Amino acid sequence: MMQYHQDLEKSRVLRKRIDKKLIENTLIVEEERADIVLSLFKKPFDKKVLDVGCGLGVCIKKLRELGCDVIGVDINDKGKELFGLNIIELNLNNGILPFNDKEFDTVICTDVIEHLFYPHKILREIKRVLKDDGTVIISYPNEFNIKCRVKILLGKDIGLSYFPHLSMGFISN
């Protein structure tokens, strides 16, 4: 019985270390992604913005600092817990965003669509909550990009680079 409790405690300590490392790595990726989103963002920054699949909320934090009214939705609200951000916990696979029609000037959806069972439903919802003259910033990975193909051809490990999540564009009405 004593061994069980020792193993359980070791497991808890290890899980905390893993969680901390995962959060640190996620923050690095989200920081890069947020910088790209900001470079595509139409100014002025006094807009109402929705970040669909906001993760830990780095982009929300940066946009808020620039004066935007920003809200995020994600499968978990860890960013709310960590940084006190306005994040709603929401399973996007339900395909329903809990907002009014034409409520947002800009909707951001970076590296989320590929994780959904029915991406067309959330895209329809993004269109519904976006103002007629609004802007959408969407990104998704292209695992068949030229860099990955060359690495595979040369027998090199592509690691996480086969998710070039950091190439984005924007669509405007």
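## Report on a predicted single-chain model

In helix α4, the residues Ile122, Glu125, Ile126 and Val129 are buried. These four lie on the same side of α4, because they cover an arc of only 105° around its axis. The buried residues of α4 pack against the strands β1, β4 and β5. On the face of α4 turned away from this buried side stand the exposed residues Arg124 and Lys127. The model described here is predicted, and the confidence attached to its parts is set out towards the end of this report.

### Overall organisation

The chain contains five helices and six strands. Read from the N terminus, its elements follow the order α-β-α-β-α-β-β-α-β-α-β. Of the 173 residues in the chain, 38% are buried. Among the contacts with a separation of 6 or more, 62% are between residues 24 or more positions apart. The chain exposes about 10,800 Å², and carbon and sulfur atoms supply 57% of this area.

### Salt bridges

Side chains of opposite charge can pair when their charged atoms come close. How many salt bridges does a search of the whole structure find? The search finds nine. Three of the pairs are listed below.

| Acidic residue | Basic residue | Closest N to O distance |
|---|---|---|
| Asp35 | Lys62 | 2.5 Å |
| Asp132 | Lys102 | 3.0 Å |
| Glu125 | Arg128 | 2.8 Å |

Asp35 and Lys62 form a salt bridge with their closest N and O atoms 2.5 Å apart. Asp35 lies in helix α1 (residues 2-40) and Lys62 in helix α2 (residues 58-65), so this pair ties together parts that are 27 residues apart in sequence. The two partners are covered to unlike degrees: Asp35 counts as partly exposed at 40% relative accessibility, whereas Lys62 counts as buried at 18%.

In the salt bridge between Asp132 and Lys102, the closest N and O atoms are 3.0 Å apart. Asp132 belongs to strand β5 (residues 130-139) and Lys102 to the loop between β3 (87-89) and β4 (104-110), so the pair ties together parts that are 30 residues apart in sequence. Asp132 counts as exposed, with a relative accessibility of 55%, and Lys102 as partly exposed, with 43%.

The salt bridge between Arg128 and Glu125 lies within a single helix: the two residues are three apart in α4 (residues 119-129), and are thus separated by about one helical turn. Arg128 is partly exposed at 24% relative accessibility, while Glu125 is buried at 12%. Glu125 is also one of the buried residues of α4 named at the outset.

Salt bridges that share partners also join Glu31, Asp35 and Lys62 into one network.

### The surroundings of Cys59

Helix α2, which holds Lys62, also contains Cys59. Is Cys59 buried or exposed? Cys59 is buried, with a relative accessible area of 8%, which falls under the 20% cut-off for that class. When its neighbours within four places in sequence are left aside, Cys59 is in contact with Ala34, Val37, Asp51 and Ile108. Of these partners, Ala34 and Val37 fall within the residue range of helix α1, Asp51 within that of strand β1 (residues 48-52), and Ile108 within that of strand β4. The C-alpha atom of Cys59 is separated by 9.7 Å from that of Ile36, a residue 23 positions away along the chain.

### A nonpolar patch on the surface

Which residues form a nonpolar patch on the surface? The patch consists of Ile146, Val150, Leu153 and Leu154, which together have about 450 Å² of accessible area. Ile146 is found in helix α5 (residues 146-153). Ile146 is exposed, with a relative accessible area of 63%, which is over the 50% cut-off for exposed residues.

### Confidence in the model

The mean pLDDT of the chain is 81, and 80% of its residues reach 70 or more. Confidence is highest in strand β1, at a mean of 97, and lowest in strand β6 (residues 169-172), at 45. Over residues 160-173 the pLDDT is below 50, and this stretch has 46 contacts in the model beyond near neighbours in sequence. Where pLDDT is low, the predicted coordinates should not be read in detail.

Note on methods. Residues are numbered from 1 along each chain as its sequence is written. Side-chain values use heavy atoms; hydrogens and water are left out. Buried means under 20% relative accessible area, exposed over 50%, partly exposed in between (1.4 Å probe, protein chains only). Contact means heavy atoms within 4.5 Å. Accessible areas come from the Shrake-Rupley method with a 1.4 Å probe; for residues, only the protein chains shown count as cover. Patches are made of residues with over 30% relative accessible area and no salt bridge: like charges are joined within 9 Å, nonpolar side chains (Val, Leu, Ile, Met, Phe, Trp, Tyr) within 5 Å. A salt bridge is a side-chain nitrogen of Lys or Arg within 4 Å of a carboxyl oxygen of Asp or Glu. pLDDT is the predictor's confidence in each residue, from 0 to 100. The arc is that of the directions from the helix axis to the C-beta atoms.
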